[in-house]
Amino acid sequence: MSWGFLRDLLSGVNKYSTGIGRIWVAVVFMFRLLVYIVAAENIWKYEHDEFECNIKQPGCENVCFDHFFPISHIRLWALQLIMVSTPSLLVVFHVAYRENREKHHNQQLYRSPGKIDGGLLCTYLISLILKIAFEIVFLVLFYKLYNGFKVPRLMKCDIRPCPNTVDCFISKPTEKMIFLCFLVVTSCLCIVLNLSELTYLIFKYSIKCYLKRYIRKHQGSRSNCYISEISGRNRPAAAGRFHNSSLTLPLNIQGECEKFSVDLQEG
Amino acid sequence: MDWGSLQAVLGGVNKHSTSIGKIWLTVLFIFRIMILVVAAERVWGDEQQDFVCNTLQPGCRNVCYDHFFPISHIRLWALQLIFVSTPALLVAMHVAYTRHEKKRRFRNGEKIDIEELKNEKMHIRGPLWWTYTSSIFFRIVFEAVFMYVFYYMYDGYQMPRLVKCSAWPCPNTVDCFVSRPTEKTTFTIFMLAVSGICMMLNLAELCYLVIKICMKESRKTT
């Protein structure tokens, strides 16, 4: 069990994502997971051994390290990567559920189990909201735990058993700060991508819903058009009345009705 | 999960590259990623432990190491390789998008051979040409930027044996000795040379693509 599992999970999710979702997967894979494994992990490898305090008092270094780093940057980073990738599992489970249902009923229940519509759309939106929430929570946690994203060279420590205020030096602070900035930038980029995807999906499906309702209304009044045109051939006054009363219809539908009547007469 | 995953991703792009692109990919994997993993990482493995300063003052070594090596060579190379490989993803995404569109047309009734679609090599023309040339352009830019960053940060490409440090809490100017400076200089120059070769390959590929499209256009007009 290693990061390969997360890589396989992300590849599986890619199939059911939108275009922006695929870009998000690529960013997480290349700029967060890969950078973490090939570069960042090694920087924090010997952080405890290389943490040095200007004192020979046994236990002082341990206590000071524990006080300044309740949870190491690198572990927090790993947790963030896992938590942020996990909501995508909801989508995978939902698609698997749909496929199982189709198999169980032995007939096609959905246009395509992986198509983002209906219940799967809600699951997808929830997974996006959860991803954004986790990203923000971890960024805030980083900020609060370490008083910003800076890594100082020197920290002053006066916790027992340190006899007085001692100077403690952190190893590779500049390198750590560079990679923390990288982490923050990529997190923010992922938040922006998730927000865009959320906005895009909400916008797309609202327009779809609105158009469906509009077309249903239009089809309803179109059949009214046809009936009144048939009766209008025999009773021109009735057709005229229809046109006069079509003020309630949107103007282009009225135009459609007139076009329809012209077609009928030519046909 | 490691560089092997990157290899799997880039291997897919290999199918749709030009011959020069395939050579570039081979050079990238054999002379850069493999050298980084099997050799360079070991040379830099003990860099802070074996960085020794001529003082017993606690903290002086940490501070001096941080001052002279704000970001280690090995990490900078890893970032360079990731950034240089990323533009190839643009091509992979474009190919995937084109295939997706063809599959959609197939579902709408057009006659397309699905098996052939999976193994089809995309020809570099039309919008794919633009995506491919942009990816090469970005690769060249990233290579140049990282080579400059190396030069600027370490005042050249040579690793000194001795650095003089007077940052607090060092009591005065102390001598600090870098571990394995000659071996590190050798690898730095090797990686620099291979970066240069990769840049030349990218430039050649860019010129080849531009000349090919110009010749095609001139043949169309005559």
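**Exercise 1.** Is A:Glu175 buried or exposed, and at what relative accessibility?

*Solution.* The structure is a predicted model.
Step 1: locate the residue. A:Glu175 belongs to helix 7 of chain A, which spans residues 173-234.
Step 2: apply the cut-off. Buried means under 20% relative accessible area. A:Glu175 has a relative accessibility of 0%, so it counts as buried.
Step 3: list the contacts. Leaving out residues up to four places away in sequence, A:Glu175 touches A:Ile43 in chain A. In chain B it touches B:Asp66, B:Pro70, B:Ile71, B:Ser72 and B:Arg75.
Step 4: look for a salt bridge. A:Glu175 forms one with B:Arg75, and the closest N and O atoms are 2.8 Å apart.

**Exercise 2.** Describe the contact between chain B and chain A by residues, buried area and salt bridges.

*Solution.*
Step 1: residues. Chain A contributes 35 residues and chain B contributes 32 residues.
Step 2: area. About 3000 Å² is buried between the two chains, with 67% of it on carbon and sulfur atoms.
Step 3: salt bridges. Two are counted between chain B and chain A. The bridge from B:Arg75 to A:Glu175 joins these chains.

**Exercise 3.** Classify two aromatic pairs of chain B and state which parts of the chain they tie together.

*Solution.*
Step 1: the search. Over all chains, 25 aromatic pairs are found.
Step 2: B:Phe69 and B:Tyr154. Their centres are 6.1 Å apart and their planes are at 35 degrees, a tilted pair. B:Phe69 sits in the loop between helix 3 (60-68) and helix 4 (73-85), and B:Tyr154 in the loop between helix 7 (127-153) and strand 2 (162-165), so the pair ties together parts of chain B that are 85 residues apart in sequence. Both B:Phe69 and B:Tyr154 are buried.
Step 3: B:Phe83 and B:Phe146. With ring centres 5.9 Å apart and planes at 45 degrees, this pair is tilted. B:Phe83 is in helix 4 and B:Phe146 in helix 7 of chain B, so parts 63 residues apart in sequence are tied together. Both B:Phe83 and B:Phe146 are buried.
Step 4: the cluster. Ring pairs link B:Phe83 and B:Phe146 with B:Phe137, B:Phe138, B:Phe142, A:Phe31 and A:Phe182.

**Exercise 4.** Which charged residues lie over the rings of A:Trp24 and B:Trp24?

*Solution.*
Step 1: chain A. The charged end of A:Lys131 sits over the ring of A:Trp24, 3.8 Å from the ring centre.
Step 2: chain B. B:Arg139 lies over the face of B:Trp24, and the distance to the ring centre is 3.9 Å.

**Exercise 5.** Describe the surroundings of B:Asp46.

*Solution.*
Step 1: place. B:Asp46 is in the loop of chain B between helix 2 (19-43) and strand 1 (52-53).
Step 2: accessibility. The value for B:Asp46 is 18%, so the residue counts as buried.
Step 3: contacts. Not counting residues up to four places away in sequence, B:Asp46 touches B:Ser179 and B:Arg180.
Step 4: a distance. B:Asp46 and B:Tyr148 are 102 residues apart in sequence, and their C-alpha atoms are 26 Å apart.

**Exercise 6.** State where chain A calls for caution.

*Solution.*
Step 1: the whole chain. Chain A has a mean pLDDT of 80, and 81% of its residues reach 70 or more.
Step 2: the stretches. Residues 227-232 of chain A stay under 50, with five contacts beyond four places in sequence. Over residues 234-267 of chain A the pLDDT is below 50, and this stretch has 22 contacts beyond near neighbours in sequence.
Step 3: the reading. Predicted coordinates should not be read in detail where pLDDT is low.

Notes:
Residues are numbered from 1 along each chain as its sequence is written. Chains are lettered from A and ligands numbered from 1 in the order in which they are written. This is a predicted model: local features need pLDDT of at least 70, side-chain atom pairs count only at pLDDT 80 or more; totals for chains, interfaces and linings use all residues. Side-chain values use heavy atoms; hydrogens and water are left out. Rings of Phe, Tyr and Trp (its six-membered ring) pair if their centres lie within 6.5 Å; planes under 30 degrees apart count as stacked, over 60 as edge-to-face and the rest as tilted. Helices (H or I, at least four residues) and strands (E, at least two) are DSSP runs, numbered from the N terminus. Buried means under 20% relative accessible area, exposed over 50%, partly exposed in between (1.4 Å probe, protein chains only). A charge sits over a ring if NZ of Lys or CZ of Arg is within 6 Å of the ring centre and within 35 degrees of the ring normal. Contact means heavy atoms within 4.5 Å. pLDDT is the predictor's confidence in each residue, from 0 to 100. Buried area is the accessible area (1.4 Å probe) that two parts lose on being put together, summed over both. A salt bridge is a side-chain nitrogen of Lys or Arg within 4 Å of a carboxyl oxygen of Asp or Glu.
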